[in-house]
Amino acid sequence: MNVLIRTLGWTLFGTCTAFAQAPAKLEARVRQLETELAGLGYSFPQPTPLRVVSSGEYSGIVQAECDRLFGAHWAELQRYLRQGFGIECGKSAAETRAQLAQPWVTGFALVFDSAANVVVVDQSRADSVSEQELARGVFAALRAREPGWAAVMAPGEHTWESVALGRALLAGEAELASLALAEGRAGRDLKALSPSSLDAPLPKGVGDSLTRVLHRLGRDLMLERYRGFGFDGARALWNERPRTTEQLAHTVKLYRDTPKPGELPAWDAALGLQVVRKDELGELGMFALLLDAGVPLSDAQLAAIGWDGDEVQCLRDARGELSMVWRISFDRHDDVRQFATAVGPIALGQIVVRGLVLDWVRSDSIQVSQALIAALDAAKPKATPSPEDRETTAQIEANLESSIDLRPRIEGGRWLHPRFALSIPVPENWVMELVNGQAFLMGPQIGKFKDNISVAALETARGQSIDEILVSQEKLIRAQTGMEFFGGSKQLVDNREVGLLRSTGKLGENDLSFTTMVYLYEGQPVVVTISVARANLEFMQRVIDATLAGTRFVSVRAGRGDGAR
């Protein structure tokens, strides 16, 4: 995985040749999508142009689009930067360019070509493009006609940071529209949806972890804006967009935390250094680089939080040798320390800390490296800490540190499962107990058996739909000796589609009744099983029904406690 994969996304720009006509079925799907989007207030003065190309041409287009979007020498900077953090990359800038683009070739079936103003589809996947992906293409073509697009995603010398922001907004708008269509077809109110109740927009295996985060953050921002101000408010985000991926990732900083410029000095002409490329990674680009370098997730998150601006320059001397300088500003001294601790064991070159600023210098020449460090020392940045920025960063880190503990817990009368974004009401006098390391919500002792509720991920059914899971679980139950299946169905719980199964059977000497609810969380089935003694079923049915009705699928901040409180 790599930084480009984590920040670029599928929306790119470039020239496309040797088009074939789009299949009639695909063309019809796009026209139907435009008609439905028009019902949401979007205007399509002209149909979205659509063409297909061979897989080989498609791969070449994606690579060319990277060049158009980022400008000259982007792959050269990425190669030298990644090498400096011990990340495997191509033997040349050209190989690195192909390596960084390849996951987008395989992960996404279409790309928008701004030069030809056409949505280009890989012919081999034209019949399997999802509605969400088609919506992204349609919105890319739509937004490309508007003035605000140029500031975000038009071809040119964009930074890693600006590309990530543009892609998040574009994906978010398309996801919002797709949600609106799906909810409208089902007769439900989109404003009733909370971002925390939704699965990730992209399933695992499409793009990478940060790309999925960007799609989710963009969708959640658009949905929250829609819930407050409707589609006009969501569309206005293109002109009222976050300034940084830090603001995108942390709503407490939205429109408030303004980053500091990199403030790298002009280099002494005697060094003979040419600036090959300069860039800005931003908080999420920095986070992605650390993940690629093997830094554990929680450490990478803590190291990236508190980012307050950065600039990286790739330099070349008269002999063709490369050097790199990366200056990063932070909100607090703790943030500087966390980043230095994370990268110290893996980064080549030298790390120099100056107050709230960290400089990283790498060079093929010791002499040039020393001269660069001296120049940086002579041009110390005048960093003035912002009390508000420091306060919000401390708040974000406190939430993150507590969320590292993902164990279930009881809090406020609810059984919380941070790992699965699940909150279950606790029946009166029930408590949480650990049995062989697994958490159960246990009822009072009645006879030999304690009625209980358990929660577990269903690894064997990953990637299956609710319908498929209902069928496979029914077969499994019916195949077990002593088990009796009483029915399965799909229902809505907290505005989310779930599968419900009811069965009975014996566990040892205990004659039991099982009520099982299955839902999907980030593509993985999660099973909630309520097991009660069959003799208690008539009395417990009311408890079972209330428990299911009170279940909520919400983002749960994990706690620091012992897991059994």
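Start with one side-chain pair: in this predicted model, the side chain of Ser423 makes a polar contact with the side chain of Arg414, at 2.4 Å. Ser423 sits in strand 12, residues 422–425. Its relative accessibility is 4%, under the 20% cut-off, so Ser423 counts as buried. Leaving out residues up to four places away in sequence, Ser423 touches Arg414, Trp415 and Leu416, and also Gly550, Thr551, Arg552 and Val554.

Gly550 on that list takes us to helix 16, which covers residues 537–550. Thr547 is located in helix 16. Is Thr547 buried or exposed? It is buried, with a relative accessible area of 5%. Beyond its neighbours within four places in sequence, Thr547 is in contact with Ile424, Pro425, Pro427, Ile453 and Ile530. For a sense of distance, Thr547 and Gln301 are 246 residues apart in sequence, and their C-alpha atoms are 35 Å apart in space.

Next, the sheet that helix 16 packs on. Seven strands form an open sheet with antiparallel pairing, in the order 13-14-15-19-18-17-16. Which strands are at the edges? They are strand 13, residues 431–435, and strand 16, residues 484–493, and each of these pairs on one side only. On average, neighbouring strands of the sheet are turned by 25° against each other, with direction ignored. At the strand 13 edge, five bridges connect strand 13 with strand 14, residues 438–446, and the two run antiparallel. One of the positions in that pairing is Val431, whose bridge partner in strand 14 is Met442.

Two helices to mention on this sheet. Helix 15, residues 466–479, packs on it and touches strands 16, 17, 18 and 19; the direction of helix 15 makes about 5° with that of strand 17. Helix 16 touches strand 15, strand 16, strand 17, strand 18 and strand 19, and its direction makes about 155° with that of strand 19.

Moving to another part of the chain: strand 7, residues 322–330. How many of its residues are buried? Nine of nine, so the strand is mostly covered, given that buried means under 20% relative accessible area. In a regular strand the side chains alternate between the two faces of the sheet. Here both faces are covered: on one side Leu322, Met324, Trp326, Ile328 and Phe330 are buried, and on the other Ser323, Val325, Arg327 and Ser329 are buried as well.

Strand 7 has pairing partners to go through. Strand 6, residues 307–316, is joined to strand 7 by eight bridges, and the two run antiparallel. Arg316 has Leu322 as its bridge partner in strand 7. The hairpin of strand 6 and strand 7 has five residues between the strands, and within the hairpin Gly320 takes a positive phi near 90°. Strand 7 also pairs with strand 9, residues 357–363, in the antiparallel sense over seven bridges. In that pairing Ile328 stands opposite Leu358 of strand 9.

Trp326 needs a separate word. Not counting residues up to four places away in sequence, Trp326 touches a list of residues that includes Leu81, Phe85, Leu281, Met286, Leu289, Phe339, Leu358 and Trp360, along with the acidic side of the list, Asp310, Glu311 and Asp359. Nonpolar side chains tend to be buried together in soluble globular proteins. The largest nonpolar core in this model has 104 residues, and Phe85, Trp326 and Phe339 touch the most other members. Which element gives the largest share of this core? Helix 7, with 13 residues. A second core, separate from that one, has 27 residues and includes Met517, Val526, Val532 and Val543.

Helix 7 itself covers residues 160–185, which is 26 residues, and it spans 38 Å from first C-alpha to last, close to the 38 Å expected at 1.5 Å a residue. Of those 26 residues, 23 are buried, so helix 7 is largely enclosed by the rest of the structure. Just after the helix, Gly187 takes a positive phi of about 75°.

Last, helix 10, residues 282–292. All of its residues, 11 of 11, are buried, so helix 10 too is largely enclosed by the rest of the structure. Among them are Met286 and Leu289, and also the charged residues Glu283 and Asp292. Both Met286 and Leu289 appear among the contacts of Trp326. Just after helix 10, Gly294 takes a positive phi of about 95°.

Technical notes:
Residues numbered from 1 in each chain as written. Predicted model: local features only at pLDDT ≥ 70, side-chain atom pairs only at ≥ 80, totals over all residues. Heavy atoms only, no water. Pairing = 2+ DSSP bridges. Helix = DSSP H or I, 4+ residues; strand = E, 2+ residues; numbered from the N terminus. Axes fitted to C-alpha atoms, helices over the stretch in contact; angles between N-to-C directions. Contact = heavy atoms within 4.5 Å. Expected span 1.5 Å × (residues − 1). Buried < 20%, exposed > 50% of the residue type's maximum accessible area, 1.4 Å probe, protein only. Polar contact = N/O pair within 3.5 Å; in protein donor to acceptor, adjacent residues only side chain to side chain. Core = buried A, V, L, I, M, F, W, Y, C linked by side-chain atoms within 4.5 Å.
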